[in-house]
Amino acid sequence: MKVLLAFCALLCASAASAQVVLYVDLGDAYTRSDALAGLLRQVDEELGRIRDEYQPREQALRADLAALRTSRMSEEAKQTRRVEIARELQKLAQAREAAQELLAQANARAIAQVDAALRSIKEQVRAEARAVALLDAQETLYLRRGGSFDRTDEVYRRLNEQLPEVVLRVHRRPAAAS
């Protein structure tokens, strides 16, 4: 409701002073921004690396667990091995979660770079057009699209010029000794 009231106030102010309110629609940011598209590829690659690092050992442990059903080991030895496998699986799950958390942190840092560039670009576009405001369609309750008020293409063009790429920097923890 506050956004709608602010929008109405801006419209009234712009009508009274013959100033313009512009808008930008950043809903397609991951396809139209070179930096974000590249970041998405990097995140996918890192998720694949994490999967490839942990999945084979997890599958092997699960196979060992299944093999215990038909094993000729004593029940006591089987139970001891089940506990060992469960502990190893838990350690692997914790390590995988830690790796995914580091990836999430790196992703957040990279997105923050893009957000900072976008804020600056949006302000430049607004100032150059001498507009009262440059509204983001993703943050506004009602916005009539189209016409000469749309600056979406200009913002994406500048973003791709100023920030063509962000690099995903995952700060990996040293591997624990097994």
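1. With a relative accessibility of 53%, Glu-161 counts as exposed, and this residue of the predicted model makes a convenient place to start reading. Glu-161 is joined by a salt bridge to Arg-157, with 3.0 Å between the closest N and O atoms. Both residues belong to helix H5, where they stand four residues apart, which is about one turn of the helix. Arg-157, for its part, has a relative accessibility of 41% and so counts as partly exposed. Elsewhere, salt bridges that share partners tie Arg-57, Asp-64, Arg-81, Glu-84 and Glu-88 into one network.

2. The spacing of such pairs has a general background. An α-helix has 3.6 residues a turn, so residues three or four places apart point the same way. A further example is found in helix H3, where Glu-46 and Arg-49 are three residues apart and are therefore separated by about one helical turn. These two form a salt bridge in which the closest N and O atoms are 2.8 Å apart. Glu-46 counts as buried, since its relative accessibility of 10% falls under the 20% cut-off, whereas Arg-49, at 28%, counts as partly exposed.

3. How many salt bridges does the count come to? The total is 17, and one of these pairs is formed by Arg-32 and Asp-153, whose closest N and O atoms are 2.3 Å apart. This pair links distant parts of the chain, with Arg-32 in helix H2 and Asp-153 in helix H5, 121 residues apart. Arg-32 is partly exposed at 31% relative accessibility, while Asp-153 reaches 54% and counts as exposed.

4. Helix H5 also has a buried side to its description. Among residues 152–162, which make up this helix, Thr-152, Val-155, Tyr-156, Arg-158, Leu-159 and Asn-160 are buried. Which elements do the buried residues of H5 pack against? They pack against strand E1 (21–24), helix H2 (29–32), helix H3 (34–67) and helix H4 (75–128). Val-155 shows this in detail: leaving out residues up to four places away in sequence, it touches Val-24, Leu-26, Leu-118, Ile-121, Lys-122 and Val-125.

5. Val-155 returns in the largest nonpolar core, which has 34 residues, and it is listed with Leu-39, Val-114, Leu-159, Leu-163, Val-166 and Leu-168 as the residues that touch the most other members. The elements contributing two or more residues to this core are E1, H3, H4 and H5. Of the contributions, that of H4 is the greatest, with 13 residues.

6. The pairing of H3 with H4 deserves a separate look. The two helices pack with their axes 10 Å apart and at an angle of about 180 degrees. Why are H3 and H4 described as roughly antiparallel to each other? An angle over 145 degrees is counted in that way, and the angle of about 180 degrees therefore places H3 and H4 in the roughly antiparallel class. The residues of their contact divide into 19 nonpolar, three polar and 10 charged.

7. Two residues that follow one another in the numbering of H4 can be read together, for Ala-106 and Asn-107 both have their place in helix H4. Ala-106 is buried, with a relative accessible area of 2%, whereas Asn-107, with 22%, is partly exposed. Not counting residues up to four places away in sequence, Ala-106 touches Leu-168, Arg-169 and Val-170. Under the same exclusion, Asn-107 touches Leu-39, Val-43 and Leu-168. The C-alpha atoms of Ala-106 and Val-43 are separated by 9.2 Å, although their positions lie 63 residues apart along the chain as a sequence separation. For Asn-107 and Gln-42, the C-alpha separation is 9.3 Å and the separation in sequence is 65 residues.

8. A last residue to check in helix H4 is Arg-96. Is Arg-96 buried or exposed? Its relative accessibility is 19%, and Arg-96 therefore counts as buried, a value to be read against the cut-off of under 20%. Leaving aside neighbours within four places in sequence, Arg-96 is in contact with Ile-50, Arg-51, Tyr-54, Gln-55 and Glu-58.

Technical notes
Residues are numbered from 1 along each chain as its sequence is written. This is a predicted model: local features need pLDDT of at least 70, side-chain atom pairs count only at pLDDT 80 or more; totals for chains, interfaces and linings use all residues. Side-chain values use heavy atoms; hydrogens and water are left out. Buried means under 20% relative accessible area, exposed over 50%, partly exposed in between (1.4 Å probe, protein chains only). Contact means heavy atoms within 4.5 Å. A salt bridge is a side-chain nitrogen of Lys or Arg within 4 Å of a carboxyl oxygen of Asp or Glu. Axes are lines fitted to C-alpha atoms, for helices over the stretch in contact, and angles run from 0 to 180 degrees between N-to-C directions. Angles under 35 degrees count as roughly parallel, over 145 as roughly antiparallel, 65 to 115 as roughly perpendicular and the rest as oblique. Ala, Val, Leu, Ile, Met, Phe, Trp, Tyr, Cys and Pro count as nonpolar, Asp, Glu, Lys and Arg as charged, and the others, Gly among them, as polar. A nonpolar core is a set of buried Ala, Val, Leu, Ile, Met, Phe, Trp, Tyr and Cys residues joined through side-chain atoms within 4.5 Å.
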